[in-house]
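Grab a pencil and have a look at the model below. A few exercises follow, each with a worked solution.

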Amino acid sequence: MIRIGFPDGTEREFPEGIEAGQAAATLQQAQEAVAVKMDGRLLDLSAPLTQSGKLELVMPDCPEGLDILRHSAAHIMAEAVGHIFEGVKFAIGPAIEDGFYYDFDLEEKITEEDLGRIEKEMRRIIAKGEPFQRLSLPKAEAMRRMKDAGQVYKLELLGEIDQEPISFYGQGDFLDLCLGPHLPDASRIKAFKLLSVAGSYWRGDSRNKMLQRVYGTAFYSEEELKKHLKLLEQAKARDHRRLGKELGLFSVHEEVGPGLIHWHPKGGLIRHLIEKFWYEEHLKRGYQIVYTPHIANERIFEISGHLDKYADLMYSPMDIDGQPYRLKPMNCPGHIMIYQSRKRSYRDLPLRLCELGTVYRYEPSGTLHGMLRVRGFTQDDAHIFCTQEQLASEVAGVLELADFMMKAFGYTYRTYLATMPEDHLGTEEEWQWSTEALRKALEERRTQYEVDEGGGVFYAPKIDIKLLDSMGRLWQGPTIQVDLNLPTRFNATYVGADGAEHLTVIVHRTVLGAMERFIGGLIEHYAGAFPLWLAPVQVKVLPIADRHNDYALEIKKGLQEKGLRSEADLRSERISLKIREATLEKIPYMLILGDKEAEKGTVALRHRTEGDLGQHCLDDVAARLLAEIEERIPA
RNA sequence: GCCCGCGUAGCUCAGUCGGUAGAGCACGGCACUCGUAAUGCCGGGGUCGGGGGUUCGAAUCCCCCUGCGGGCUCCA
């Protein structure tokens with residue numbers, strides 16, 4: 001007999017080997033459970049229990065429940081693909097964040113049109129309600145079976161598994177190497193949809209064969225699936241490439257080259273406002289503004305090591321007076337030159353040099369993506385030169401700035417401390433004190449953080465901040481990296497109070513990342529509706545009839561004098577059309593002007609989403625908007 | 001870079017089996033002068049991404065190039 005404890009605190013005895021589902025049958029909602037957790041380990045409902053322990057149900061609405069559904073859906077999809085196509089070799093098919101995929105190797109090309117056929121076959125399989133059955137095989141037998149079936153990828157995976165027996169799951173005529181668990185049977189897959197086909201390298205390595213990947217998603221109910229698909233639609237409507245075009249923010253031109261952004265007046269204004277904000281906040285915190293050249297003799301990148309390590313990502317050299325020059329991929333060497341321009345004493349430190357530095361990187365063409373992944377971009381870069389003792393407080397200062405800026409844009413974030421990776425430069429001792437300094441800074445600021453073990457860069461530890469946008473998506477945010485490598489390479493030192501030379505510590509840090517990516521992300525975060533302080537046009541002045549145009553221009557002038565950005569729509573169009581178009585342009589406020597307003601010298605205020613806000617005098621409206629701008633109230 | 005797909009008017013897209021192009025919006029003109037999310041009529045606009053090939057004939061079929069999209073690796 002074995003003793004099983006349940007979440008409600010009760011305990012019962014069962015004969016050894018009882019199925020998990022049966023043991024849990026008396027629990028509430030046991031009917032809906034899709035699997036169980038035994039002492040924290042996921043098991044099938046049909047798994048025999050052989051030891052005493054604590055048992056919990058895994059319900060459909062928890063994350064693990066969803067993963068199990070999707071993983072099972074991936075198996076069903078693989079079975080269906082095996083039915084439709086000849087000679088399919090199966091690679092891997094896991095559940096992922098919002099769904100699942102399966103990688104196949106087959107001669108024939110799977111196209112988007114095939115997705116319908118595959119879905120149909122999946123439905124047929126699901127309708128049969130085949131059970132997912134676990135099969136344990138000794139490794140030798142498993143290898144023999146996979147070899148006979150010509151499943152080379154499974155064979156490769158098997159070769160790396162040490163434990164025995166090996167677990168397989170089968171349904172219908174499909175058998176897959178798999179840890180499980182799975183749903184009891186296919187009929188539990190109520191709602192699914194295949195979304196796309198894509199190429200992917202076996203094990204994500206470009207030296208390996210390109211496989212065909214089919215992406216899909218699955219839910220326990222049609223409603224949830226519909227909700228998810230609607231969310232995808234909404235994300236599409238926020239796509240910064242679409243909004244960038246619609247709102248006249250930026251463009252990319254085939255004639256110029258891929259990944260090179262042209263900022264249009266409205267996008268340019270947004271960027272200018274953010275840069276202005278950025279400069280002000282940096283100056284307040286003791287940073288000094290520098291500018292460094294866009295091209296440089298490649299000698300400098302030999303010293304920095306970039307040429308050695310990042311040559312593939314750098315634009316080819318150009319011959320200048322017989323010397324090879326390169327577009328800069330990083331700002332650090334230039335900043336170090338400024339540091340090195342004279343002998344430095346401990347009294348000069350900390351030295352905080354900041355630059356909105358435009359860099360060029362030859363990113364692989366397939367990775368380019370709107371403003372988010374480009375080849376020419378402006379980093380909000382800064383390098384802090386300091387002593388070892390100053391490191392923690394300098395990092396704390398950066399954390400404060402990062403927090404301030406992220407809040408200004410309405411982002412919440414998560415913080416990670418990335419520690420020494422296996423492949424690294426420098427001594428253990430250096431890693432230890434630099435990591436400790438970061439930790440101390442985080443603790444001093446009372447920042448909640450997680451440790452990303454081994455996630456540091458090869459030359460030093462770092463702090464990564466990931467942003468959570470309004471759609472709940474995670475973005476790369478501010479990063480702070482300690483660097484002991486570049487100071488060594490450039491021999492960046494200072495004279496200490498003791499009269500001796502010491503190696504300077506460099507902190508690389510970025511808050512926004514790159515203007516292109518940050519603003520691309522902001523467009524999606526705000527769905528194109530920028531808060532008043534960033535809106536390129538803050539107010540649209542809308543006269544009702546032509547005879548109100550003069551008054552409209554007078555009001556526009558008044559707004560301009562108050563420092564508010566406005567446009568007047570003087571076309572002979574109906575007011576409803578003007579309102580509609582201003583709303584679609586996502587302009588925060590409208591002033592509607594007709595006979596009543598012209599007579600009384602007032603304006604009728606309308607907000608983009610709140611609608612009619614009634615009549616006011618211009619001064620009151622201006623005061624209201626200026627206060628909103630001052631506080632940088634999110635849209 | 002690699003795999004798949006796509007590129008038709010400024011934008012979004014239609015274009016059947018190959019017979020030299022069409023809609024809506026936008027743009028220009030005219031009329032209406034209008035009160036909180038689309039007034040009506042008229043008009044201009046395309047060497048169908050570029051090059052080559054097959055064909056009597058190519059937006060349509062084939063090849064190359066280019067750009068874009070979905071992914072893979074990496075990442076500001």
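Let's start with the whole chain: buried residues make up 50% of the 635 residues in chain A. Keep in mind that this is a predicted model.

**Exercise 1.** Work out how many helices and strands chain A has, and what its C-alpha trace spans along the principal axes.

*Solution.* Count the elements, and you get 19 helices and 33 strands. Then turn to the extent: the C-alpha trace spans about 85 × 80 × 55 Å.

**Exercise 2.** Check the span of helix 8 against what is expected, then find its buried residues.

*Solution.* Helix 8 covers residues 265–284, which is 20 residues. From first C-alpha to last, helix 8 reaches 28 Å, close to the 28 Å expected at 1.5 Å a residue. Now for burial: the buried residues of helix 8 include Ile270, Ile274, Trp278 and His282. An α-helix has 3.6 residues a turn, so residues three or four places apart point the same way. Just past the helix, look for Gly286, which has a positive phi, near 80°.

**Exercise 3.** Is Tyr291 buried or exposed, and which patch does Tyr291 belong to?

*Solution.* Find Tyr291 in the loop between strand 16 (288–289) and strand 17 (295–297). Its relative accessible area is 63%, so Tyr291 counts as exposed. With Leu283 and Ile289, Tyr291 forms a nonpolar surface patch, and together they have about 330 Å² of accessible area.

**Exercise 4.** Place Glu222 in its helix and its patch.

*Solution.* Glu222 sits in helix 6, residues 222–237. Because its relative accessibility is 40%, Glu222 is partly exposed. On the surface, Glu222 joins Asp61, Glu223 and Glu224 in a patch of negative charge.

Methods: Residues are numbered from 1 along each chain as its sequence is written. Chains are lettered from A and ligands numbered from 1 in the order in which they are written. This is a predicted model: local features need pLDDT of at least 70, side-chain atom pairs count only at pLDDT 80 or more; totals for chains, interfaces and linings use all residues. Side-chain values use heavy atoms; hydrogens and water are left out. Patches are made of residues with over 30% relative accessible area and no salt bridge: like charges are joined within 9 Å, nonpolar side chains (Val, Leu, Ile, Met, Phe, Trp, Tyr) within 5 Å. Accessible areas come from the Shrake-Rupley method with a 1.4 Å probe; for residues, only the protein chains shown count as cover. A salt bridge is a side-chain nitrogen of Lys or Arg within 4 Å of a carboxyl oxygen of Asp or Glu. Lys and Arg count as positive and Asp and Glu as negative; His and the chain ends are not counted. The place of a charge is taken as NZ of Lys, CZ of Arg, CG of Asp or CD of Glu. Helices (H or I, at least four residues) and strands (E, at least two) are DSSP runs, numbered from the N terminus. Buried means under 20% relative accessible area, exposed over 50%, partly exposed in between (1.4 Å probe, protein chains only). The expected span of a helix is 1.5 Å times one less than its number of residues.
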